[in-house]
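User: I am new to this structure and would like to go through it one topic at a time. Could you reason each answer out before giving the result?

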Amino acid sequence: MIHGYSAAVEPARWQTILADSITDPRELLTRLKLGLDLLPAAIAADQSFRLRVPAPFVDLMEPGNPNDPLLRQVLPLGVELDEQPGFVSDPLGEQHSNSQPGIVHKYQGRLLLIVSGGCAVNCRYCFRRHFPYADNNLSTAEWQQALDYIRNDCSIKEVIFSGGDPLVASDKRLAWLTSEIAGIPHVRRLRVHTRLPLVLPQRITEQLIAALTHTRLPLTMVLHCNHASELGPAQRSAIQHLRQAGVMLLNQAVLLRGVNDNLTDLSNLSENLGDTGVLPYYLHMLDHVRGAQHFLVDDATATRLMGQLLTQLPGYLAPRLVREVAGQPAKVPIPVELVYA
Ligand code: SF4
């Protein structure tokens, strides 16, 4: 058993916890002792993007608090159905970068491999909430074509397992892909973008770590944690296990109205990530995806918060404030001036 999961009683396997995720808005509200006045809007918004949240993440929410920052990330709201000019289904133009099934190749030197279309959690602000994952559900022949694409492009130095959430895939699939990619001489690094260590920490097993680390490729894992409350004991334990396996750990967060758009929450997030050995990497501006307009933090507020944050944290715990712009060759840094709080 791995560190943190060696209790006498065997914890439920991650697949079982995942299968038992809450997908019914009524069940979520009842479990959190919230009034059912939120239910009609939640059911309406659920039709366009389904509620999905695993129990370990719900357990970190505060019962009776409709404004809990973790709940706000997953609960469907009626406001999602309002049309807002400029908020579109594919804000980053990814469907144009996805000519090869399973691959999104936007940037020089690295590409995304869509390892899994599924996620353990459906985040309401997700820029891929309208992504055509069904078109990226690959057959064995298509997987070979995706690997051939990497083999045939010597400029690819880094492969990024993405999704959905790539860690929803089986250990067998991940081990096979890792091994195939390690066999491509010009690929130097492997990266995994995942939210599972936060929402389903039981996924971090010995078998998973072996599947991802048994080749020559150094592994970087980029977590997606938006609030310090997401770092409960099981989550910290999973992160600790990844660190012990030599995985480089970074975090990317999204600046979200009503979730983390204040100095205290942003500072706590960085400090707590630092305590667990995870370096804050990016703080993303919201992508303008249809249905997520109520999470928008304007540029003036974002730069002021970031300017204050820079005066409160050591440099290595201050994330870079960035925006993703369709067609740009990299994430675009947003200029920030120091603000003395
Ligand atoms: S886990 Fe990531 S890809 Fe999945 S819904 Fe959340 S933000 Fe989107």
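User: How does α11 lie with respect to α12, oblique or roughly parallel?
Analyst: This is a predicted model, in which local features need pLDDT of at least 70, side-chain atom pairs count only at pLDDT 80 or more, and totals for chains, interfaces and linings use all residues. Helices (H or I, at least four residues) and strands (E, at least two) are DSSP runs numbered from the N terminus, while axes are lines fitted to C-alpha atoms, for helices over the stretch in contact, with angles from 0 to 180 degrees between N-to-C directions. Angles under 35 degrees count as roughly parallel, over 145 as roughly antiparallel, 65 to 115 as roughly perpendicular and the rest as oblique. Helix α11 (residues 263–275) packs against α12 at an angle of about 50°, with the axes 10 Å apart, and therefore the relation of α11 to α12 is oblique.

User: How many nonpolar residues does the contact of α11 with α12 have?
Analyst: Residues are numbered from 1 along each chain as its sequence is written, and side-chain values use heavy atoms, leaving out hydrogens and water. A crossing is left-handed if the near helix is turned anticlockwise from the far one by less than a right angle, and right-handed if clockwise; contact means heavy atoms within 4.5 Å; and Ala, Val, Leu, Ile, Met, Phe, Trp, Tyr, Cys and Pro count as nonpolar, Asp, Glu, Lys and Arg as charged, and the others, Gly among them, as polar. The crossing of α11 and α12 is right-handed, and L263, L266 and S267 of α11 make the contact with L305, Q308 and L309 of α12. By class, no residue of this contact is charged and two are polar, while the number of nonpolar residues is four.

User: How many charged residues are in the contact of α6 with α7?
Analyst: Helix α6 (residues 140–151) and α7 cross at roughly 30° where their axes come within 11 Å, which means that α6 is roughly parallel to α7. The crossing is right-handed, and W143, Q144, L147 and R151 of α6 meet R173, W176, L177, E180 and I181 of α7. Of the residues in this contact, five are nonpolar and one is polar, and the number of charged residues is three.

User: Which handedness does the crossing of α7 and α9 have, left-handed or right-handed?
Analyst: Helix α7 (residues 171–182) and helix α9 (residues 206–213) have axes 7 Å apart and pack at about 15°, so they run roughly parallel to each other. D171, L174, A175 and T178 of α7 are the residues that meet Q207, L208, A211 and L212 of α9; by class this contact has five nonpolar, two polar and one charged residues. The crossing of α7 and α9 is left-handed.

User: Which residue's backbone oxygen does the side chain of S21 reach?
Analyst: S21 sits in the loop between α1 (14–19) and α2 (25–31), and it counts as buried because its relative accessibility is 8%, where buried means under 20% relative accessible area, exposed over 50% and partly exposed in between (1.4 Å probe, protein chains only). Leaving aside neighbours within four places in sequence, S21 is in contact with R52, V53, P54 and A120. A polar contact is a pair of N or O atoms within 3.5 Å; within protein, one must be able to donate a hydrogen and the other to accept it, and residues adjacent in sequence count only if both atoms are side-chain atoms. At 2.7 Å, the side chain of S21 reaches the backbone oxygen of L18.

User: How far from a polar atom of the side chain of Q293 does the backbone oxygen of V79 lie?
Analyst: Q293 belongs to the loop between β7 (279–284) and α12 (299–310), and with a relative accessible area of 9% it is buried. Not counting residues up to four places away in sequence, Q293 touches V79, E80, D82, Q84, F87 and R257. The backbone oxygen of V79 and a polar atom of the Q293 side chain are separated by 3.3 Å.

User: What is the phi of K33?
Analyst: K33 lies in the loop between α2 and α3 (39–46) and is exposed, its relative accessible area being 67%. Most residues other than glycine have a negative phi. K33 is not a glycine, yet its phi is positive, at about 55°.
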